[in-house]
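Work through the exercises below with the sequence and the model side by side. Try each task before reading its solution.

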Amino acid sequence: MTRSAIGLLVFLAICLFTAQLGSMLTRPSIGSWYAALAKPAWTPPNWLFAPVWTTLYVLMAVAAWLVWKNHGLQAASAAMSLFGVQLALNVGWSALFFWLHRPGLAFAEIVLLWVLILLTILAFWKLSVTAAWLMIPYLVWVAFAAALNFAIWRMNGF
């Protein structure tokens with residue numbers, strides 16, 4: 001196996017591990033706490049979230065891999081640091097919203113997450129335009145998730 005292929009597997013593992021952590025924090029609340037919340041009519045069905053998030057995590061992994069493959073960790077350290085912070089914030093949002101049941105704090109955190117994703121895209125853009133474009137669906141989905149988070153927060157009087 002080539003160094004490049006191993007690198008891709010490492011980035012996939014990191015991103016899918018992050019997805020698993022978020023899922024572990026989310027899953028226990030789906031059928032109970034989340035099901036009981038008032039939600040806007042435009043809330044997607046629950047079954048849609050897993051395939052969307054899986055796709056986004058794979059795109060994120062490929063984006064980070066492209067930056068690493070073309071520039072290495074040292075030359076891309078700022079971009080990769082931003083990438084790591086936004087992954088941590090991604091899990092943090094799941095903890096705040098689903099595990100701690102704090103939609104207000106989760107909304108503040110998801111706004112910060114969105115900013116970090118945007119900064120990651122801008123940093124990636126300088127190193128790989130393709131990598132930056134691969135992150136755009138994630139930015140859009142998190143914007144949608146932020147709007148949904150805000151609506152749920154307001155509708156439920158938290």
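The exercises go from the overall fold to single residues, and the model is a predicted one.

**Exercise 1. The fold**

Task: State how many helices and strands the protein has, and give their pattern along the sequence.

Solution:
- Start with the count. The protein has 5 helices and 0 strands.
- Then read along the sequence. The pattern is α-α-α-α-α.

**Exercise 2. Overall dimensions**

Task: Compare the radius of gyration of the protein with that of a compact globule of 158 residues.

Solution:
- Take the expected value. For 158 residues, a compact globule would have a radius of gyration near 15 Å.
- Take the value of the model. The protein has 16 Å, which agrees.
- Add the box. Along the principal axes, the C-alpha atoms fill roughly 50 × 30 × 25 Å.
- Look at the surface. The protein exposes about 8000 Å², and carbon and sulfur atoms supply 74% of this area.
- Look at burial. Of the 158 residues, 42% are buried.
- Finish with the contacts. Among contacts with a separation of 6 or more, 78% join residues 24 or more positions apart.

**Exercise 3. The nonpolar core**

Task: Find which residues have the most contacts inside the largest nonpolar core, and which helices supply the core.

Solution:
- Begin with the core itself. The largest nonpolar core has 45 residues.
- Pick out its best-connected members. Phe97, Phe124 and Met135 have the most contacts inside the core.
- Assign the helices. At least two core residues come from each of α1 (3-36), α2, α3 (77-99), α4 (103-127) and α5.
- Zoom in on Phe124. Beyond its neighbours within four places in sequence, Phe124 is in contact with ten residues' worth of partners listed here: Ala63, Ala64, Val67, Ala79, Met80, Phe83, Val129, Ala131, Ala132 and Met135.
- Recall the general tendency. In soluble globular proteins, nonpolar side chains tend to be buried together.

**Exercise 4. A threonine in α4 and one in α5**

Task: Decide whether Thr120 is buried or exposed, then classify Thr130 by its accessible area.

Solution:
- Place Thr120. Thr120 lies in helix α4.
- Apply the cut-off. Buried means under 20% relative accessible area. Thr120 has 0%, so Thr120 counts as buried.
- List its partners. Apart from residues up to four places away in sequence, Thr120 touches Ala79, Leu82, Phe83, Gln86 and Met135.
- Place Thr130. Thr130 is in helix α5 (residues 129-155).
- Classify Thr130. Its relative accessible area is 49%, so Thr130 is partly exposed.
- Check a distance. Thr130 and Gln74 are 56 residues apart in sequence, and their C-alpha atoms are 20 Å apart.

**Exercise 5. Aromatic pairs**

Task: Give the geometry of the pair Trp53 and Tyr138, and say why the pair ties together parts that are far along the chain, 85 residues apart in sequence.

Solution:
- Get the total. The structure holds 19 aromatic pairs.
- Describe this one. Trp53 and Tyr138 are edge-to-face, 6.1 Å centre to centre, with 75 degrees between the planes.
- Locate both rings. Trp53 lies in helix α2 (residues 46-75) and Tyr138 in helix α5, so the pair ties together parts 85 residues apart in sequence.
- Check burial. Tyr138 has 1% relative accessibility and counts as buried.
- Try a second pair. The ring centres of Trp93 and Phe98 are 5.7 Å apart and the planes are at 85 degrees, so this pair is edge-to-face.
- Check burial again. Trp93 is buried at 14%, and Phe98 is buried at 8%.
- Widen the view. Trp33, Tyr34, Trp93, Phe97, Phe98 and Phe158 form one aromatic cluster.
- Look for a charge over a ring. Lys39 lies over the face of Tyr34, 4.5 Å from the ring centre.

**Exercise 6. Two loop residues**

Task: Determine which loops hold Leu37 and His101.

Solution:
- Leu37 sits in the loop between α1 and α2. Leu37 is buried, with a relative accessible area of 9%.
- Its contacts beyond four places in sequence are Phe97, Ile152, Asn156 and Phe158.
- Leu37 and Met155 are 118 residues apart in sequence but 8.4 Å apart in space, C-alpha to C-alpha.
- His101 sits in the loop between α3 and α4. His101 is partly exposed, at 28%.
- Phi of His101 is near 60 degrees, a positive value in a residue other than glycine.

Notes: Residues are numbered from 1 along each chain as its sequence is written. This is a predicted model: local features need pLDDT of at least 70, side-chain atom pairs count only at pLDDT 80 or more; totals for chains, interfaces and linings use all residues. Side-chain values use heavy atoms; hydrogens and water are left out. Helices (H or I, at least four residues) and strands (E, at least two) are DSSP runs, numbered from the N terminus. The radius of gyration is taken over C-alpha atoms; the globule rule is 2.2 Å times the number of residues to the power 0.38. Buried means under 20% relative accessible area, exposed over 50%, partly exposed in between (1.4 Å probe, protein chains only). Contact means heavy atoms within 4.5 Å. Accessible areas come from the Shrake-Rupley method with a 1.4 Å probe; for residues, only the protein chains shown count as cover. Rings of Phe, Tyr and Trp (its six-membered ring) pair if their centres lie within 6.5 Å; planes under 30 degrees apart count as stacked, over 60 as edge-to-face and the rest as tilted. A charge sits over a ring if NZ of Lys or CZ of Arg is within 6 Å of the ring centre and within 35 degrees of the ring normal. A nonpolar core is a set of buried Ala, Val, Leu, Ile, Met, Phe, Trp, Tyr and Cys residues joined through side-chain atoms within 4.5 Å.
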